[in-house]
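Here is a quick tour of a protein model, written for someone who would rather look at side chains than at code. Keep the viewer open while you read.

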Amino acid sequence: MFHLRTIAKNSYICIMNIVIILLCVVYLARVFIIGVAATKTRKKYNVNINNSYKPFVSVIVPAKDEEKNIENCINSILNVNYPPELYEIIIVNDRSEDNTLNVINKMASKHNNIKICNITQNNSNPNLKGKAGAIKTGIDNAKGEYLLMTDADCIVHPNWINTITKHFIDGKENKENVGMVCSYTNVKCNNIFHYFQAAEWAYMHTYACAGIGLNTVMGCFGNNIAITKEAYNKIGGYETLKFSVTEDFVLLKAIFDAGFSIRYLCMEDSVVETLPENSFKDYMVQRKRWSVGGISLGFKAFIYVASSVALWLAIIFSIFAGSLELLIASCLVRFLGDCLILFPVFNTLNIRYLKKWIPLSVCFYSVIELLLPFIIINKKVHWKGQTFN
């Protein structure tokens with residue numbers, strides 16, 4: 001009897017070890033696919049384009065209660081390396097209740113390439129709730145063939161306009177109908193919580209970038225995107241797109257489905273810098289909004305969640321199996337996997353200072369992954385003083 005119990009115990013341990021290893025392999029498969037696809041996209045578009053043609057472009061900045069940030073944003077756009085007569089800045093004041101309108105009026109009086117669109121009431125079209133309505137207003141008033149978008153709390157790189165527009169022109173010269181160009185966003189860091197967010201932003205951007213390498217779309221960030229007016233008109237504009245709390249992804253998917261090419265740039269010259277969330281509460285509100293919007297990814301979202309769950313199960317099973325070796329191995333799979341994905345990005349964008357924060361950052365957003373499924377059970381999203389269902 002004792003011998004049989006020993007055999008059964010050994011068999012159980014053996015099976016558990018195999019299961020743990022297989023679960024780790026599932027996560028490693030995700031890392032490999034994303035790493036290869038992101039590298040493919042990064043190398044394909046991280047090139048210096050020498051075309052000299054400079055078209056007239058429109059930069060659209062939606063702003064809601066941004067009196068503290070909007071001036072810095074506008075100044076960064078005014079200081080780009082692009083002829084001022086060849087671009088306009090369209091600031092959409094979206095029902096601000098603070099001093100935003102006064103700030104942009106003052107700046108517009110000093111610069112003739114600043115245009116103000118003032119929204120004073122909610123749009124009756126359900127598809128145009130929130131930011132989508134503000135962007136639509138900006139596009140309706142834009143003269144440029146190319147429409148660049150950022151947020152009021154962002155600072156753009158001096159070469160931002162030049163780099164983005166060159167990729168549209170390059171696509172046209174090479175008979176590639178580029179309808180949208182996306183790029184990375186860096187997070188301004190002042191403390192450890194900010195560094196966690198910066199690493200996470202880079203991580204999510206890289207997954208979105210990998211989507212293009214896989215000939216699909218998995219996301220983008222609306223504070224650093226650009227589209228052609230041709231693509232926007234072909235999809236029928238935001239008024240025809242079903243409302244989403246992640247209006248940027250809806251736009252990306254519509255343009256991709258319409259047959260346009262998408263470029264995702266991982267270049268220092270095309271980044272914008274955004275402000276971090278300073279409180280954990282605001283951070284979780286932002287992550288909930290992204291997660292609710294991410295549900296629309298469907299099967300791709302399921303694969304991402306399932307592979308993350310697989311690694312967590314490997315860690316949990318290692319603890320129950322009493323295998324310190326497999327526990328350490330499971331944790332290393334996560335750390336080393338994320339390093340393989342992120343280190344090339346940190347090098348390319350010259351944000352190498354984030355490398356030392358990887359161990360703590362991985363622990364942080366790994367825990368957040370566990371919390372989000374419970375948080376999005378209630379799909380109401382609160383954002384900028386508004387509530388969206």
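What follows covers the core, two helix pairs, some buried spots and two loop residues.

This is a predicted model, in which local features need pLDDT of at least 70, side-chain atom pairs count only at pLDDT 80 or more, and totals for chains, interfaces and linings use all residues. Residues are numbered from 1 along each chain as its sequence is written, and side-chain values use heavy atoms, with hydrogens and water left out.

**The core**

Let's start inside. The largest nonpolar core has 115 residues, and Met 180 and Leu 251 have the most contacts inside it. Helix α6 (residues 192-213) gives the most to this core, with eleven residues. A nonpolar core here is a set of buried Ala, Val, Leu, Ile, Met, Phe, Trp, Tyr and Cys residues joined through side-chain atoms within 4.5 Å. Buried means under 20% relative accessible area, exposed means over 50%, and partly exposed is in between (1.4 Å probe, protein chains only). Helices (H or I, at least four residues) and strands (E, at least two) are DSSP runs, numbered from the N terminus.

Who touches Met 180? Leaving aside neighbours within four places in sequence, its contacts include Phe 168, Cys 220, Asp 248, Leu 251 and Arg 263. Contact means heavy atoms within 4.5 Å.

**Two helix pairs**

The axes of α6 and helix α9 (residues 280-294) come within 12 Å and cross at roughly 10°, so α6 and α9 are roughly parallel to each other. Axes are lines fitted to C-alpha atoms, for helices over the stretch in contact, and angles run from 0 to 180 degrees between N-to-C directions. Under 35 degrees counts as roughly parallel, over 145 as roughly antiparallel, 65 to 115 as roughly perpendicular and the rest as oblique. On the α6 side you'll find Phe 193, Gln 197, Glu 200, Trp 201 and Met 204, which meet Phe 280, Tyr 283, Gln 286, Arg 287 and Trp 290 of α9.

Now look at α11 and α12, which pack at an angle of about 115° with their axes 11 Å apart. That makes α11 and α12 roughly perpendicular to each other. Among the residues making the contact are Phe 335, Leu 342 and Phe 346 of α11, along with Ile 358, Val 362 and Tyr 365 of α12.

**Buried spots**

Ile 60 is in strand β1 and is buried, with a relative accessible area of 0%. Ile 60 and Leu 147 are 87 residues apart in sequence, yet 7.0 Å apart in space, C-alpha to C-alpha. Not counting residues up to four places away in sequence, Ile 60 also touches Gly 138 and Ile 139, among others. Both of those are buried residues of α4, a helix (residues 131-140) that is mostly covered, with seven of its ten residues buried.

Asn 93 sits in strand β2 (residues 87-94) and is buried too, at 3% relative accessible area. Its contacts, with residues up to four places away in sequence not counted, include Ala 63, Leu 101 and Asn 118.

**Two loop residues with positive phi**

Neither residue in this table is a glycine.

| Residue | Phi | Loop | Relative accessible area |
|---|---|---|---|
| Asp 65 | near 55° | between β1 (57-63) and α2 (70-78) | 33%, partly exposed |
| Asn 350 | about 60° | between α11 (324-348) and α12 (358-375) | 42%, partly exposed |
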